[in-house]
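Colleague: Please pick a single part of this model and take me through it slowly. I am in my first year, so explain each term when it comes up.

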Amino acid sequence: MRLHSLTLQAFGPFAGTHTIDFDSLSADNLFLLEGPTGAGKTTVLDAICFAFYGKPAGDRDLKLRSDHAGLHLMTQVVLDVTLSGRRLEITRIPQQERPKERGQGTTTQKAKTILRQRTHDSSRNDDGWEPSSLSHQEIGTELTRLLGLSRAQFCQIVMLPQNAFAQFLRADAVKRREILSRLFHTDQFAEIERWLHDRQSTAEKELTAARNNIASLIERVHQAAGDLTQATTPPTPDQPHTLTTAGTWAQSLTQTAEAHHQETDTHLQQAAAALEAQRKQETATRALHQQQATYSAAQEALEQLEQQTTHIQELQDQRATAHRAQKLTAVLHTANTAHATHESAKKNEATARSALGAEHAVLSAHQLATEEEQARAQAAVAQSLLPQEEALRTLAKETKRLEAERTQLAEQQDEARTWLEHAPAQRATLTARRDAAHQAEDECRHHQTQLDDLARRKEAAERRDKHLAQITRDEKRLAKAETATQQAYASYIDIRRRRTDGMAAELAAGLTDDTPCPVCGSCNHPQPASPHPDQPHREDEEAAEKTHHKAQKTEQNLLTKLQGLREQAAAETGAAGQTPLSELSQQHKLLSEQLTQTLARAADFGPATEELAALDKQQDHMTQADATASQQLTARDTAYDAACKHLEELTTHITTTRQGTPTLAARITDLTHTADTLHTARTAATTTARAATEETRSLTEATTTAQAHGFDTPEAAEHALLTDDELTAIEEEITQWRENRAAHTAVLKDPAVAHAAAQPPADLHQTEATRITAEHQHTQAVTATAAALARYRSLTDLTARLDDHITHLAPREETYETTHHLYEIVRGTSTSNTLRMELEAYVLAARLEDVVQAANTRLLRMSDHRYTLSHTDCREGGNKRSGLGLQITDAWTGHSRATDTLSGGESFFASLSLALGLADVASHEAGGRALDTLFIDEGFGSLDDDTLHQVLDVLDSLRAHKHTVGLISHIAELRRRIPRRLKVHKGTSGSTLSLITHHAE
């Protein structure tokens, strides 16, 4: 990696655009970056790191956007660099707010990265920049790949950070491990440890699951065996070594269960034979009981049939009488029909006469016919007058229509004339509204002009008062700042005076034997001066000077700000005048209310004008409506009078014909109904007379025939008649009695039944009880046999599964023991790991030895061959791990001691040596990529002159290996020794850069 140029624009404290030419600055391979505290020296390194990784160096919260930069100047960093033989230009633009291209306000500019590569155009024999097509994220990945370093490694190796040299030197094993792990990417070894942990956990879970499965199967075997386990003790999970004997225990239970099953099967066969014999005995007893019951039932039924003999004789007599009556059926039917017809005719006649009026109810059939003819004649007369009645209804509707039109026309005439009477007053009102609205429009324009001017004065007054209030506050702050500046200056002068007075003691503190005095040159120092108790040092003077400069800057910033505020307040006072803001606000409020009221009045101009035009149009319409209504009303009056006269004449004629009915149709309906009723009554009277004659003839004939067949009257013959169903029932009852008597007699004569009846009664209940007992014994035998078989089969299956699980238990135990032992070794908790070193720490210890070896080549020169670093893997106190310890060996004493016993200067060059060693080893680990540029930030102030020269000699040796070293420091000796310097100047408007190439300051 070699830097060519760096351009910073609106970045950090740099307000403008500044370019650093590293090719010129690093011509001697060693340059100095100097400037006052807070000027922005470290910001240059942040810009380089930001160009590569998109983030500044370190963990501090750096604001990338310069507060001094103008709004239209974009914050960006452009770095020209050579990486892995490729000349690249990197442009980084962070996310920031920028002015909108159109309109007011700002918008967010997203983070952006541009990468270009220097290429040679052979056709034009010229070099140019070719842009890359990679995205923002892809460019970051590509740059990390070309550098071969992560951001943390880059900051640790290329940019030795400010105030962080001694962190690695004085860190404990844990902190040192974190740093080395980030630098050398040893995460894979920690991943191995995590993998072994997971594998051990998995193996432990599998082993526990296997043991639990065996324990579960043992419990199931114990439950399945039941009372067979009373003589044995099953293996338990509390003693894992006994689990392997569970197979033998289960096999023994299985054999016992098999013997028990064979025993229950023998008992089952015996119970089945006894049950079969008892069932045959029960069948024979049931057959005897059935024959004895049959004989008793037949004997009892025959006795009951003999008792029904008289009833059967009566049925036979009733059957014979019914056969004689059947011969008179036709004559009896004719007589009954004639009687029913006569009765029906009398009822119909009574019904018909009930519908007649009192005057017609007693008339004969001939008289009823005469009344019917008269009613039909009157209906014909009414029928002829129906057209005139329709004309009467039409005429009545026409009269009502004319009356309604006369009323409507009269109302229209009154409405039009009333409106015309009020129109002049309405016209005057609208004219006045229009004139008032027109005047209000002129007033609105005047008020609006005043209101705009007053609003501008009010806004200016608000800004004026705001500036005046801020001026008051800043004047107080300025007074305090002036006091603080005076106090800081007095303190600085006092410390400087006291240090000057005690300078001899300060010089004496640096004197050593055989070393010439920087004042007199003598190597003997018999009476060196002693410091006063409150003797200030150089650091105290520098701190006081820094405090004074800071107070001066604060005072100057407040004065500049106050002057600007006063100018702004004066400008706003010129625009607003001296009128108080509250008074201007009140005037603005009153004028706004007046403008609102005036606008409301002016808004009535349009509506008033439109209403006047509508009034003119309505007046023409109403005048025409008045004339039209008068003309039509005269015509309607004439027609109405003629229609009323015709209606009266026609109504008189129709009313006479109606005879009190509402309409002629109703009169016709009444007459027709009366004629129809008379006709019905006449017909019914004639029918009744004919039916009476037929009834007398039929009754005489039926009486004569019945006496001839042995019946006294026709009613007696009719009473003897039976229906077909009744005769059939009598026949079936007689036949059934005969058949039952014959069947029961045959049963009693059956030899087998008679023999069974002679036997003792069969005891069916005793036989059934004996059979039930045999069935119960058989069921118990079946249940016992099934249970024994199920237990045997279950134990056989469980024993086979138990044997299978026991077979797989040993490999799981072996796997767990192996992984557990390996995990404890890599964790450093195993007794086999005597150093208690973890795997990652062991690997890092080897890297640390390389780092110490590389660091000692420089530390020997810097310490004048006094100090060397050494790696120790001794265990630390307590429960801490070992393997990453560092100690310093002092050649003057021959003893080794802890690194935190070194002085400030010793710690610096020891830390610097260690950091350079880290850089060499980490660079080698990064793939051997050349890191041509190295930055060292501060730390040289803690060195004495001789040690400083030795350190600079070591740094000069880096140049011999084509390394470019950039130092960041305030030390004057460095300015004298390093000819090429980049100076950072700070000011109120931001920091600037300048390149210095001469030897003097």
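Modeller: A residue is called buried if its relative accessible area is under 20%, exposed if over 50%, and partly exposed in between (1.4 Å probe, protein chains only). The model is predicted, so local features need pLDDT of at least 70 and side-chain atom pairs count only at pLDDT 80 or more, while totals for chains, interfaces and linings use all residues. Residues are numbered from 1 along each chain as its sequence is written, and side-chain values use heavy atoms, with hydrogens and water left out.

Start with aspartate 46. Its relative accessible area is 1%, and it is therefore buried. This aspartate belongs to helix H2, which covers residues 41-53 (helices are DSSP runs of H or I with at least four residues, strands are runs of E with at least two, and both are numbered from the N terminus). Between aspartate 46 and methionine 159 there are 9.6 Å in space, C-alpha to C-alpha, although the two are 113 residues apart in sequence.

What does H2 lie across? The helix lies across the strands S1, S2, S4 and S5, the last of these being residues 86-93. H2 runs at about 105 degrees to S1 (axes are lines fitted to C-alpha atoms, for helices over the stretch in contact, and angles run from 0 to 180 degrees between N-to-C directions; contact means heavy atoms within 4.5 Å). Helix H3, residues 136-147, also packs on the sheet. H3 touches S4, S5 and strand S8 (112-121), and its direction makes about 135 degrees with that of S5.

Now the sheet itself. It is an open sheet of six strands, and reading across gives the order S2-S1-S4-S5-S8-S9, with antiparallel pairing (two strands pair if DSSP finds at least two bridges between them). At the edges are strand S2 (14-21) and strand S9 (126-131), each of which pairs on one side only. From one strand to the next, the twist averages 15 degrees. Inside that order, take S1 (residues 2-11) and S4 (residues 76-83): seven bridges join them in the antiparallel sense. One position to find on screen is leucine 8, with valine 77 of S4 standing opposite.

Strand S3 is not in the order just given, which runs S2-S1-S4-S5-S8-S9, and its pairing can be followed separately. S3 comprises residues 30-34, and five of the five are buried, so the strand is largely enclosed by the rest of the structure. Which way do its residues point? Leu30, Leu32 and Glu34 point one way, and Phe31 and Leu33 point the other way; all are buried.

S3 has two partners to look at here. Strand S15 (residues 964-968) runs parallel to S3 and is joined to it by four bridges. In this pair, phenylalanine 31 is opposite glycine 966 of S15. The other partner is strand S16 (residues 981-985), which pairs with S3 over three bridges, again in the parallel sense. Here glutamate 34 has lysine 983 of S16 as its bridge partner.

To go over it once more on screen, find aspartate 46 in H2, move to the strands that H2 lies across, S1, S2, S4 and S5, and then turn to S3 with its parallel bridges to S15 and to S16.
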